[in-house]
Amino acid sequence: MRLIRRRPLLVTVLLCALAVLAARPSDGDGAHAPGHGAPTSVSAQVAKLYAEAAAATRRYEAGQRQAARQRSEAQRLEKLLDRERREIAVLRQDLGRLARSQYRNGGGLPLTAHMILADDPEELMRGQRVFSQANLALDNALEKSARAESRLARDEARAAAAWKKLEKRNRQLVDLKRDIEQKLETARWRLQGQADASVAAGSCRGAVRLDQPETNFTDPWVAPVETYELSASYGSGGARWANRHTGQDFAVPIGTTVRAVGQGKVVRVSCGGAFGIEIVIQHAGGYYTQYAHLASVAVDQGEHVAPGQWIGQSGTSGNSTGPHLHFEVRVTPEMGSAVNPVSWLAHRGVSL
């Protein structure tokens with residue numbers, strides 16, 4: 001009977017012990033504690049600012065293209081106006097010649113006096129009709145040209161006003177871009193500061209679920225970052241490494257979103273050591289990809305990822321001389337089994 005009464009108490013004690021063990025923080029070997037990322041973290045702020053900066057750049061470039069079209073239209077109108085003015089000048093010269101010819105042939109005498117004094121009145125009448133028709137054509141041409149000049153002047157004024165409006169808008173966009181970039185630069189280094197603290201503690205802060213836009217990748221393999229410059233290559237030597245460089249470096253700013261190059265499973269998320277914050281993904285065919293020197297992670301260990309999915313943000317954590325992504329391809333999850341990542345991706349249709 002005593003044993004039966006004590007058994008519920010023993011079960012309760014065991015359950016409490018298990019709860020305490022489960023609640024212990026991760027130890028210093030870099031094990032990842034899932035679910036600790038805050039949705040309003042610096043990581044999310046950096047990603048949002050990147051998106052805002054890209055949108056502002058697109059608006060600015062669209063404004064520049066529109067301004068170029070406005071300039072082209074204004075130049076076209078100016079050329080058309082100059083041509084009309086030259087035609088008017090020619091017509092006025094013709095009118096002057098006709099007037100001088102009339103003056104020489106009879107001055108300012110009325111048509112009736114010319115008829116009385118003329119040797120051949122019919123010839124005189126024919127000459128007067130020709131002169132009148134020329135005058136009428138000239139008047140019509142002058143009136144038409146004047147209307148055209150007025151219309152073109154209005155169009156030119158509208159084009160100039162539109163150009164000034166575009167210039168003002170573009171200046172505003174430049175100011176907007178500058179403001180976003182300044183905020184982004186501040187947020188980047190706040191993010192890197194958090195990464196450095198995680199590396200020093202040897203414990204990751206947890207995955208931050210970034211608001212990733214919908215992507216419809218038709219190819220099964222992609223580059224690990226969208227826009228980049230290649231820096232240190234696979235197999236290169238230098239004072240920074242004890243042996244040859246085992247991966248391909250992508251020079252990108254802090255906070256650049258890093259993508260899974262293909263479908264796979266996250267087998268490692270860790271902080272600490274030479275690679276700083278790193279992620280390792282296992283792919284079909286016995287290959288693993290590593291993403292190192294990160295500033296944040298957006299996936300948890302054990303999670304399955306799709307091609308192009310955001311898995312973290314680049315940084316300069318660990319043994320790093322500047323912001324970049326260290327990308328590596330291995331045949332095991334651990335270092336020491338790396339293969340050339342450039343040729344590996346090229347074999348899968350991705351040219352860097």
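## Phenylalanine 250 and its ring partners

Let's start with phenylalanine 250, which is buried, with a relative accessible area of 0%. The model is a predicted one, and in it phenylalanine 250 belongs to strand E2, which covers residues 248-251. Its partner is phenylalanine 327, in strand E9 (residues 325-330). Phenylalanine 327 also counts as buried, again at 0% relative accessibility. The two residues are 77 residues apart, and their pairing links distant parts of the chain.

How do the two rings meet? Their centres are 6.3 Å apart and their planes stand at 75°, so the pair is edge-to-face. The structure holds five aromatic pairs, and ring pairs join Phe250 and Phe327 with Tyr228 and Tyr291 in a cluster.

## One disulfide

Which cysteines are bonded to each other here? The structure holds one disulfide, and it runs between cysteine 204 and cysteine 271, with an S to S distance of 2.0 Å. As a reminder, a disulfide is a covalent bond between the sulfur atoms of two cysteines. This link is right-handed, with 115° about the S-S bond.

Cysteine 204 sits in the loop between H4 and strand E1 (229-230), while cysteine 271 sits in the loop between strand E4 (264-270) and strand E5 (277-283), so the bond ties together parts that are 67 residues apart in sequence. Are these two cysteines buried or exposed? Cysteine 204 is buried, with a relative accessible area of 6%, and cysteine 271 is buried as well, at 4%.

## The largest pocket

Now for some empty space. Rolling a probe the size of a water molecule over the atoms shows where such space is left. The largest pocket found in this model has a volume of about 860 Å³. It is lined by 32 residues, and the closest to its centre are Tyr50, Ala54, Glu226, Thr257 and Trp310.

Which elements give two or more residues to this lining? They are helix H2 (42-106), helix H4 (121-201) and strand E3 (257-259). H2 gives the most, with nine residues. Sorted by class, the lining has 15 nonpolar, eight polar and nine charged residues.

## Arginine 348 and two rings

Arginine 348 is a good residue to click on in your viewer. Its charged end sits over the ring of tryptophan 221, 5.6 Å from the centre of that ring. The charged end of arginine 348 also sits over the ring of tyrosine 287, here at 5.3 Å from the ring centre.

Another residue to look at alongside arginine 348 is proline 220, since their C-alpha atoms are separated by 8.3 Å although they lie 128 residues apart along the chain. Proline 220 is in the loop between H4 and E1. Is proline 220 buried or exposed? With a relative accessible area of 51%, proline 220 is exposed, because the cut-off is over 50%.

## Contacts across the sequence in H2 and H4

Leucine 80 is found in helix H2. The C-alpha atoms of leucine 80 and leucine 152 are separated by 7.9 Å, and the two leucines are 72 residues apart along the chain. Leucine 80 is partly exposed, with a relative accessible area of 24%.

Glutamate 181 lies in helix H4. How far is its C-alpha atom from that of tyrosine 50? The separation is 8.5 Å, for two residues that are 131 residues apart along the chain. Tyr50 has already come up as one of the residues closest to the centre of the largest pocket. Glutamate 181 counts as partly exposed, at 42% relative accessibility.

## A positive phi at histidine 293

Last comes a backbone detail. Most residues other than glycine have a negative phi. Histidine 293 has a phi near 65°, which is a positive value in a residue other than glycine. Histidine 293 has its place in strand E6 (residues 287-297), and it is buried, with a relative accessible area of 5%.

Methods
Residues numbered from 1 in each chain as written. Predicted model: local features only at pLDDT ≥ 70, side-chain atom pairs only at ≥ 80, totals over all residues. Heavy atoms only, no water. 1 Å grid on protein atoms, 1.4 Å probe; cavity = no way out; pocket = protein on both sides within 12 Å on 5 of 7 lines; lining within 4 Å. Points joined across faces, edges and corners; volume = space filled by probe spheres on them. Helix = DSSP H or I, 4+ residues; strand = E, 2+ residues; numbered from the N terminus. Nonpolar A, V, L, I, M, F, W, Y, C, P; charged D, E, K, R; others polar. Disulfide = S-S within 2.5 Å. Buried < 20%, exposed > 50% of the residue type's maximum accessible area, 1.4 Å probe, protein only. Phe/Tyr/Trp six-rings, centres within 6.5 Å; stacked < 30°, edge-to-face > 60°. Lys NZ or Arg CZ within 6 Å of the ring centre and 35° of its normal.
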